[in-house]
Amino acid sequence: MFPKGTKRKFSDSGDEPPAGSDDVNQPSSAAVRMLSSYSLQRQSLLDMSLIKLQLCHMLVEPNLCRSVLIANTVRQIQEEMTQDGTWQIMTQALSAANAAAQCSADRLVATEVLCRQTEAAQGEPAPKPFPAVGSEGCSAEEVVVVEEEDEGVEGGVIMSTVSPQAPTAYLPSTFGIDPCWEEETGEEEDEDEDSEECASGSEEGDNDRLVEDSRTAEQVFGTFEIKNPAPSPDPALEELFSDVDASYYDLDTVLTGMQSAPKMGPYDLLESLSSHGPSPLSSSTSCRSDLNELDHIMEIIVGS
Amino acid sequence: MFVVVVLLSLVLETFKSDIISTVEFNYSGELLATGDKGGRVVIFQREQESKNRPHSRGEYNVYSTFQSHEPEFDYLKSLEIEEKINKIRWLPQQNAAHSLLSTNDKTIKLWKISERDKRAEGYNLKDEDGRLRDPFRITSLRVPVLMPMDLMVEASPRRIFANAHTYHINSISVNSDHETYLSADDLRINLWHLEITDRSFNIVDIKPANMEELTEVITAAECHPHQCNVFVYSSSKGTIRLCDMRAAALCDRQSKFFEEPEDPSSRSFFSEIISSISDVKFSHSGRYMMTRDYLSVKVWDLNMENRPVETYQVHEYLRSKLCSLYENDCIFDKFECCWNGSDSAIMTGSYNNFFRMFDRNTRRDITLEASRENSKPRAVLKPRKVSTGGKRKKDEISVDSLDFNKKILHTAWHPKENVIAVAATNNLYIFQDKIN
């Protein structure tokens, strides 16, 4: 069900990892084409999934089941890409490109979906709207973009139309790179082993680029209300779920707008107090960490 | 024995613009309740057979309409709470009035629907218009008399069960003890007493301590039809857990775990998504349960956990289209399924306004379409077929011509007769067996 055009064009470009190029026992060209087309299909699926995770209709709380399923799909693709080494290649290429690029950041790819390229982009076609919904797969323009890349397999999907309704809380800082929040916190948390590689590899290049990117980001996101200045650029999936957790009456949340570790919701509180209701086992442990955070936050507020 | 040819169709367009979101017959089948996206509940009542109007046997007409839920706004999260009715469940009838539970994402309400066909006349202190009578004019006492009046059906909210769910409620189920019911959201299941609204027991909690580790959610839950201590819940990973409330206060550890091992040959990136169970229903007998995932319906014997006893393919031709369906979000559609009264047949919906019925005994299946063009009242529905191969026969429809916006997610089967209700977007169709 992947678009027919994609297959034909991609198979011609040298998208294979450099490993097998000098091998005498090279697989046949047909197998190579099949492999690369699979990788590209996989990449395009990854891009689609990441966009789905963000483009949530934020008037109503998004469907948790759908988000979980998409996030699991993303995780699955990430794992597979890590296993066959594509992951490292892609993130290294990304960091190398970022270090080398100007503020135009013409190497922004779908993995940093949020920051839109502006007219400063060099040698890049004007961003085309990505058909996120409804049409079949990638458009021809994206094919052109990818062909310009010469490292590894990169889905050159540029998301040019960011819905103004997109919640900042859902901005995924995928693979440890979160250009929009970097300015505020400057730290990165590695959620899992997979992202460790890319996080360390890209840290240096990031900071320079990020300041410039934040300008671009501001143009895009300037009008957005920042509900949750994320304490740390957690990978996409985690940001997503940390916001879903509802701490209605938690004073910290109201005051600081921060939601880091999951807090005990009001119902848990009611349940643990009620003589009848059994309290969920997790509530006591999260309560303790909540108190620590509360102390920490109070310190910040008091300014000690 | 399941009659394949379905005849009578009644198209009721009470809904105009609102999409029907749930359909449910009551215990006797006399009443049919529907909920819609606008928070309204419409109840239909079956006409009694009468000699005067022999052809109107079994027609369902509007009995009561009321606004069950209103849209709300959560100020702390700056999010709307939809008024869409997710589920309606009838309570067993205990007196002249009917009661049902209706729920949106956050709040469950118990509604009492009662009839009034008499009114008192001849009050002492006020006259027929309701105006107070001048006390000096009252010279004698009289006893008010009950006089017949036009039937009036009133719905009043008797209980409101609120503030117990952080996540979106997807299921409610009345227990066989007729005193309690459960409500399930994405991560928790609560047990309520029908009389008590300010307290509920949390009996299942799958929320991880760290939300970042969340990989599985609850998709549906139901109480066992006879054993009031047993219930099941399904997950987004295609598993079903049967729990016994006698085992522990918090039923996090299941008594039985139902999962079919994955077929490694058909594994793809979409495997998990299509295995997510969208509905689970016990059979009337209580011996079996049925689950609906994206492409199939499975019947499970409660005594066998490692695989279903029957599997029915609903629209296997979509397996090659999963990427497109993922792109347009159709892959996340939640189809429901239902048993007939004798558990010999099951029904579920599909796209293009198609719905499918499977006879468990004869293993025959049929695809029918709920559409206005093809349904005149009393007309016989023609079986439909989707062509999967290259060659398309005359009456068949090709997979690419299917309309994925026309989806039948909600269907219901009369508890005793072969009458079915099918919701196609904003139209409700009621079909029944051909009568000679």
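**Aromatic rings in chain B**

Let us begin with Trp192(B), a buried residue whose relative accessible area is 2%. The model you are looking at is a predicted one, and Trp192(B) is a good place to start a walk through its aromatic side chains.

Across all chains, the count of aromatic pairs comes to 17. One of them joins Phe161(B) and Tyr181(B): the ring centres are 5.2 Å apart and the planes meet at 75 degrees, so this pair is edge-to-face, given that an angle over 60 degrees earns that name. Phe161(B) belongs to strand 11 (residues 145-161) of chain B and Tyr181(B) to strand 13 (residues 180-185), so their contact ties together parts that lie 20 residues apart in sequence.

Are these two residues buried or exposed? Phe161(B) is buried, at 1% relative accessible area, and Tyr181(B) is buried too, at 0%.

Tyr181(B) also brings us back to our starting point. Its ring and that of Trp192(B) have centres 6.1 Å apart and planes at 5 degrees, so the two are stacked, since planes under 30 degrees apart count that way. Here again distant parts of the chain are linked: Tyr181(B) sits in strand 13 of chain B, while Trp192(B) sits in strand 14 (residues 188-193), eleven residues away.

Elsewhere in chain B, Tyr294(B), Phe335(B), Tyr351(B) and Phe404(B) make up one aromatic cluster.

Finally, look for charges over rings. Lys126(B) places its charged end over the ring of Tyr123(B), 4.9 Å from the ring's centre. Arg360(B), in turn, lies over the face of Tyr288(B), 4.8 Å from the centre of that ring.

Note on methods: Residues are numbered from 1 along each chain as its sequence is written. Chains are lettered from A and ligands numbered from 1 in the order in which they are written. This is a predicted model: local features need pLDDT of at least 70, side-chain atom pairs count only at pLDDT 80 or more; totals for chains, interfaces and linings use all residues. Side-chain values use heavy atoms; hydrogens and water are left out. Rings of Phe, Tyr and Trp (its six-membered ring) pair if their centres lie within 6.5 Å; planes under 30 degrees apart count as stacked, over 60 as edge-to-face and the rest as tilted. Helices (H or I, at least four residues) and strands (E, at least two) are DSSP runs, numbered from the N terminus. Buried means under 20% relative accessible area, exposed over 50%, partly exposed in between (1.4 Å probe, protein chains only). A charge sits over a ring if NZ of Lys or CZ of Arg is within 6 Å of the ring centre and within 35 degrees of the ring normal.
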